[in-house]
Amino acid sequence: MKNRYAVILVAGQGTRMKSKLKKELHPILGRPMIQYVLDALEPTSIEKTVSIVGHSKEEVKQTIGNVSEYVTQEEQLGTGHAVIQAKELLQDKAGTTIVVCGDTPLITAETFEKLFEHHESSQSKATILTTKLENPTGYGRVVRNEHNGVEKIVEHKDASDIERNINEINTGTYCFDNEALFEALAKVGNDNVQGEYYVTDVIEILKQQNDKVSAYVVEDANETIGINDKVALAEASKIMQRRINEAHLRNGVTILDPENTYISAEVSIEADATIYPGSVISGQTTIDSETHIGPNSEISNSIIGEAAHIRQSVVSNSKIGNKVKIGPYAHIRPETTIKDDVKIGNFVEVKKSEIAQGTKVSHLSYIGDASLGEEVNIGSGAVTVNYDGSNKHNTVIGDQAFIGCNVNLIAPVTIENGGFVAAGSTITKDVPEESLAFGRAKQVNKEGYAKKLMNKK
Ligand code: UD1
Ligand code: CA
């Protein structure tokens, strides 16, 4: 047991985001930023996590889930005031408490672990995670004494001109000796420019009691960006995008233009898959080897088989087999299963359907609530008429059936194996095995009548 505890601050309003959505819930590559913080803390063996919630607390709790306990900070009087809220749940614990802001999503698990280890091995009462920035504007500065020891943290707004020249900043993450933390917090006042109780003041309080305070400097300043506005959000998204894409490239995935490819953290892609520019891949998605995605495809929560090609298309919550060709401009909607060697061509929409091996839906069709057998051919413009205005109905099409162009299949209806539906038919009755069905008006030719019509005009 390492006796490690965590306090995550998520109560503030985040006014600088100018958004109705709570700051820590803003997505980075499709996931709420708070999720990254939780994921990075996960491997560090924390026994108890307490999240401090306030603004949008129900949404925040729902996102964080049961990996944390919660305390409400009714009024947001500052980060120090926020940490005090965890007192009842943590004060009697002997050990180390890490305090993390919910708006610093790029700190990695390795960095959290190193901070813990630095803190524990140096036997400090507090260890600040710091970094050096070319432009430290807005961040709290780490003030050191002539022996290079940490003296205090001063907030940008409270800093003197000389202090503002310091480029070592407080990342907002610290490890504390748990008991020392809550004792010191009781002494924090709010005599500063913002009239807030700052957790950063704990450092100076401990220092004045001659407690040991240290800093762990993280080399990669990209990890420590604090997201206060949409400019920082865009910057952080770029950094995360590069981090994820680089990991895929190192694993053997080909990404033609990584700056224009957006892959969420949960996506898994096999080596030798190729991702073309403009593609957005998110959620619980897996992509097998030799598959080509894009250009400009959007894949979410889907399983894509080997050597499939998905061009300029949208696929969501579906399962796509090996060597399937989709697009350009196709839409595969949720709960669709497409088996191997199927072709879904341009301007085809498929919804909640199963399509068996070798079937072709090549152009301009709607397939909804349907089950298509093997090696079926669906002609251009054929439509499953699944909705009667109040209910959805199923269409079943057997193996090797042939559906001609511009056919309406009025569901519920079954075309049995080898059934052949003539082009332009509207089918309202089942078609038996290997039968030919016509369901269209008989053609009438009136000789010379066209000329007569034209003359009338
Ligand atoms: C804070 C630090 C600053 C550091 C920076 C790093 C303080 C006083 N300042 O400043 O030194 O450089 O982070 O990014 O701590 N929150 C609450 N309750 C509150 C106030 C804030 O839960 O009453 C939460 C917010 O939701 C946010 C986090 O605490 O997730 C940090 O608050 P924020 O206002 O963003 O602090 P900064 O001004 O960025
Ligand atoms: Ca912040």
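In this predicted model, strand β8, residues 141–144, and strand β9, residues 150–154, pair in the antiparallel sense over four bridges. One of the residue pairs can be named: Val142 has Ile153 in β9 as its bridge partner. The two strands form a hairpin with five residues between them, and within this hairpin Asn148 takes a positive phi near 70°. Most residues other than glycine have a negative phi, and most peptide bonds are trans.

Just before this hairpin, the loop between β7 (126–132) and β8 contains Thr137. The side chain of Thr137 is joined to that of Asn135 by a polar contact of 2.6 Å. Thr137 can also be compared in position with His156, since the two are 19 residues apart in sequence, while their C-alpha atoms are 6.9 Å apart in space.

## The surroundings of ligand 1

The space that ligand 1 takes up is the largest pocket. There are 28 residues around the ligand, and those that come nearest are Glu24, Gln73, Thr79, Glu155 and Asn170. When the residues of this shell are sorted by character, nine are nonpolar, 13 are polar and six are charged. Three elements, β1 (4–10), α3 (79–84) and β10 (168–177), each supply at least two residues of the shell, and the largest share, three residues, comes from β10.

Oxygen atoms of ligand 1 lie at the following distances from polar atoms of the protein.

| Residue | Atom on the protein side | Distance to an oxygen atom of ligand 1 |
|---|---|---|
| Ala11 | polar backbone atom | 2.9 Å |
| Asn228 | N or O atom in the side chain | 3.2 Å |
| Arg16 | N or O atom in the side chain | 3.5 Å |

Taken on its own, ligand 1 has 750 Å² of accessible area, and the protein covers 91% of it.

## Two open parallel sheets

Further along the chain, 11 strands form an open sheet with parallel pairing, and their order is β12-β15-β18-β21-β24-β27-β30-β33-β36-β39-β41. At its edges are β12 (254–255) and β41 (436–437), each of which pairs on one side only. Within this sheet, strand β27, residues 343–346, pairs in the parallel sense with strand β30, residues 360–363, over three bridges, and Asn346 stands opposite His363 in β30.

Another open sheet, also with parallel pairing, is made of nine strands in the order β14-β17-β20-β23-β26-β29-β32-β35-β38. Its edge strands are β14 (268–269) and β38 (413–415), and each of these pairs on one side only. Here strand β20, residues 303–304, runs parallel to strand β23, residues 318–320, and two bridges join them; the bridge partner of Ile304 in β23 is Ile320. In a regular strand the side chains alternate between the two faces of the sheet.

## Backbone details in the loops

Which residue in the loop between β14 and β15 (274–275) deserves a closer look? The residue is Asp272, which is found in that loop and has a positive phi of about 70° although it is not a glycine.

Two cis peptide bonds, each leading into a proline, can also be described. One joins Gly327 and Pro328, with omega at about 0°, and Pro328 has its place in the loop between β24 (325–326) and β25 (331–332). Another runs from Ala411 to Pro412, with omega near 0°, and Pro412 lies in the loop between β37 (408–410) and β38.

Technical notes
Residues are numbered from 1 along each chain as its sequence is written. Chains are lettered from A and ligands numbered from 1 in the order in which they are written. This is a predicted model: local features need pLDDT of at least 70, side-chain atom pairs count only at pLDDT 80 or more; totals for chains, interfaces and linings use all residues. Side-chain values use heavy atoms; hydrogens and water are left out. A residue is near a molecule or strand if one of its heavy atoms lies within 4 Å of it. A polar contact is a pair of N or O atoms within 3.5 Å; within protein, one must be able to donate a hydrogen and the other to accept it, and residues adjacent in sequence count only if both atoms are side-chain atoms. Accessible areas come from the Shrake-Rupley method with a 1.4 Å probe; for residues, only the protein chains shown count as cover. On a 1 Å grid over the protein atoms alone, a cavity is a set of points where a 1.4 Å probe fits but cannot get out, and a pocket is an open set with protein on both sides within 12 Å along at least five of seven lines; lining residues have an atom within 4 Å of a point. A molecule sits in a cavity or pocket if more than half of its atoms lie within 2 Å of its grid points. Ala, Val, Leu, Ile, Met, Phe, Trp, Tyr, Cys and Pro count as nonpolar, Asp, Glu, Lys and Arg as charged, and the others, Gly among them, as polar. Two strands pair if DSSP finds at least two bridges between them.
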